[in-house]
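Subject: The structure I promised you

Hi there,

Here is the structure I said I'd pass on, so please open it and keep it beside you while you read. My notes on what turned up in it come right after.

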Amino acid sequence: MEIILLIFFLLIILIVTNIRIVPQASAYVIERLGAYQTTWSVGFKVKWPFIDRVAKRVNLKEQVVDFPPQPVITKDNVTMQIDTVVFFQITDPKLYAYGVDNPIMAIEKLTATTLRNIIGEMELDQTLTSREIINTSMRSALDVATDPWGIKVNRVELKNIIPPDAIRNAMEKQMKAERERREAVTIAEGEKKSSILVAEGKKASAILEAEAEKQAAILRAEAEKEKRIKEAEGQAEAIRIVQQANAEGIRCLKDAGADEAVLTIKSLEAFEKAANGQATKIIIPSEIQGIAGLAKSMTEVIK
C-alpha cells in the first residue's frame, strides 16, 4: 500500500513538473529525443517526461537592439562612426531556433557590413543629409538577409553619425560663416527696405506739398478773381447810380421847363464825369457830334 502511494505521489510530481503554460506573445520550441517536434503557442501544455524538452523560449514581441558605433568610410575617404538601432520581430520560432547561432550577433554583424556597403557609395555631405535613404536601404537589405532566420526587420534608424574632429570643426566654421552671411544679408535687406521706405516717404511728402501749393494757388486765383469781379461790379454800380442821378437831374430840369441848350450842356457834363471815372467801358452817344456843335453855337451866342 505504501509503495502504491509512493508511486502515485511520484507520478503526480512527474506530471506536474512536465506541465508548461505558454504566456502571451511567446512560443516554445519542443524537441523529442533531440529532434524538432513542434512549436507550442499560447496556452496550457504538457510534455512527455524524459523524452520531450523545451529547446528554446521565443519572444514574439517586437524587439529593439541598439548596436555600438561602427567605423565606416565614405566615398571621399572620410572615416566616421555610425551607431544604428534595429527594430525586429521573430515570425518563425523554428527558423529562429535552428536558422543561425546567436541571431542577435548575426544581425549586428550583418548591420555593420550592410552599413559599410551603403556608406561606401556616398560622399560625406550626402551621408549627412540622406538618413532616410540609408535607413530604407538598410531595412530592405537586412529584411531579405534575416528572412531565413525567421526574423523580420521592421525599421532601421541611424542613431548618431559622428564625423572626425577635423571635419566637425570645419563644419562648425562653415555653419558659423553661413550664419554670419545670412545675418549680413538680413541687415542689408533691412537697410534697403528702410531706404526705400524713407525715399517713398519723401516722395509722398513732396507730392503732398506740391498738391497743397497747387490748391493754395487755385484758391488765391479764385479769391483774386472774386475780388476783381466784385470791384468791377462795384464800379459798374457806381457808374449806374451816377448816370441814374444825372438822368434824374436832366429829367427834373426838363420838367421845370429848361430849354434844349441847357439839357445839352447837362448831358455833356454827365458824359465828362463818366469819362473821368475808372470804368473800363465808356458808352459814347451816336449823336456826339451834334451835341458838340450845339455846344459850340451856344458859346458863340454867349460871346
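Of the contacts in the protein with a separation of 6 or more, 62% are between residues 24 or more positions apart. Bear in mind that this is a predicted model. The protein has eight helices and nine strands. Buried residues make up 21% of its 303 residues. On the outside, the protein exposes about 21300 Å², with carbon and sulfur atoms supplying 59% of that.

Next, have a look at helix α3. This helix covers residues 103-119, which is 17 residues. From its first C-alpha to its last it reaches 24 Å, close to the 24 Å expected at 1.5 Å a residue. Its buried residues include Pro103, Ala106, Ile107, Leu110 and Leu115. What do the buried residues of α3 pack against? The list is β7 (70-73), β8 (79-90), α2 (93-98), α4 (124-128), α5 (131-146) and β9 (151-162).

That brings us to the nonpolar core. As a bit of background, nonpolar side chains in soluble globular proteins tend to be buried together. Here the largest nonpolar core has 29 residues, and the members that touch the most others are Ile82, Val86, Ile107, Leu115, Ile134, Met138 and Leu158. At least two residues of this core come from each of β8, α3, α5 and β9. The largest share is from α3, which gives six residues. There is also a second, separate core of five residues, with Val22, Tyr28, Trp40 and Val54 among them.

If you'd like one residue to click on, try Ile82. Leaving out residues up to four places away in sequence, isoleucine 82 touches Pro68, Pro69, Gln70, Val72, Leu115, Ile119, Leu158, Asn160 and Ile161.

Now for the charged side chains. Side chains of opposite charge can pair when their charged atoms come close. How many salt bridges does the structure hold? The count is nine, and here are three that I looked at.

Arginine 155 pairs with glutamate 62, and their closest N and O atoms are 3.8 Å apart. Arginine 155 sits in strand β9 while glutamate 62 is in the loop between β5 (52-59) and β6 (63-66), so this pair ties together parts that are 93 residues apart in sequence. Arginine 155 counts as partly exposed because its relative accessibility is 38%. Glutamate 62 is partly exposed too, at 38% relative accessibility.

Aspartate 66 forms a salt bridge with lysine 159, and here the closest N and O atoms are 2.8 Å apart. Since aspartate 66 lies in strand β6 and lysine 159 in strand β9, the pair ties together parts that are 93 residues apart in sequence. Aspartate 66 has 42% relative accessibility, so it counts as partly exposed. Lysine 159 is partly exposed as well, with a relative accessible area of 43%.

The third pair is lysine 152 and aspartate 143, whose side chains meet in a salt bridge at 3.8 Å, N to O. Is aspartate 143 buried or exposed? At 19% relative accessibility, aspartate 143 counts as buried, because the cut-off for buried is under 20%. Lysine 152 is partly exposed, with a relative accessible area of 38%. This pair also belongs to a network of salt bridges that links Arg139, Asp143 and Lys152.

Have fun clicking through it!

Cheers

How values were computed
Residues numbered from 1 in each chain as written. Predicted model: local features only at pLDDT ≥ 70, side-chain atom pairs only at ≥ 80, totals over all residues. Heavy atoms only, no water. Helix = DSSP H or I, 4+ residues; strand = E, 2+ residues; numbered from the N terminus. Expected span 1.5 Å × (residues − 1). Buried < 20%, exposed > 50% of the residue type's maximum accessible area, 1.4 Å probe, protein only. Contact = heavy atoms within 4.5 Å. Core = buried A, V, L, I, M, F, W, Y, C linked by side-chain atoms within 4.5 Å. Salt bridge = Lys/Arg side-chain N within 4 Å of Asp/Glu carboxyl O. Areas by Shrake-Rupley, 256 points an atom, 1.4 Å probe, with all protein chains shown as cover.
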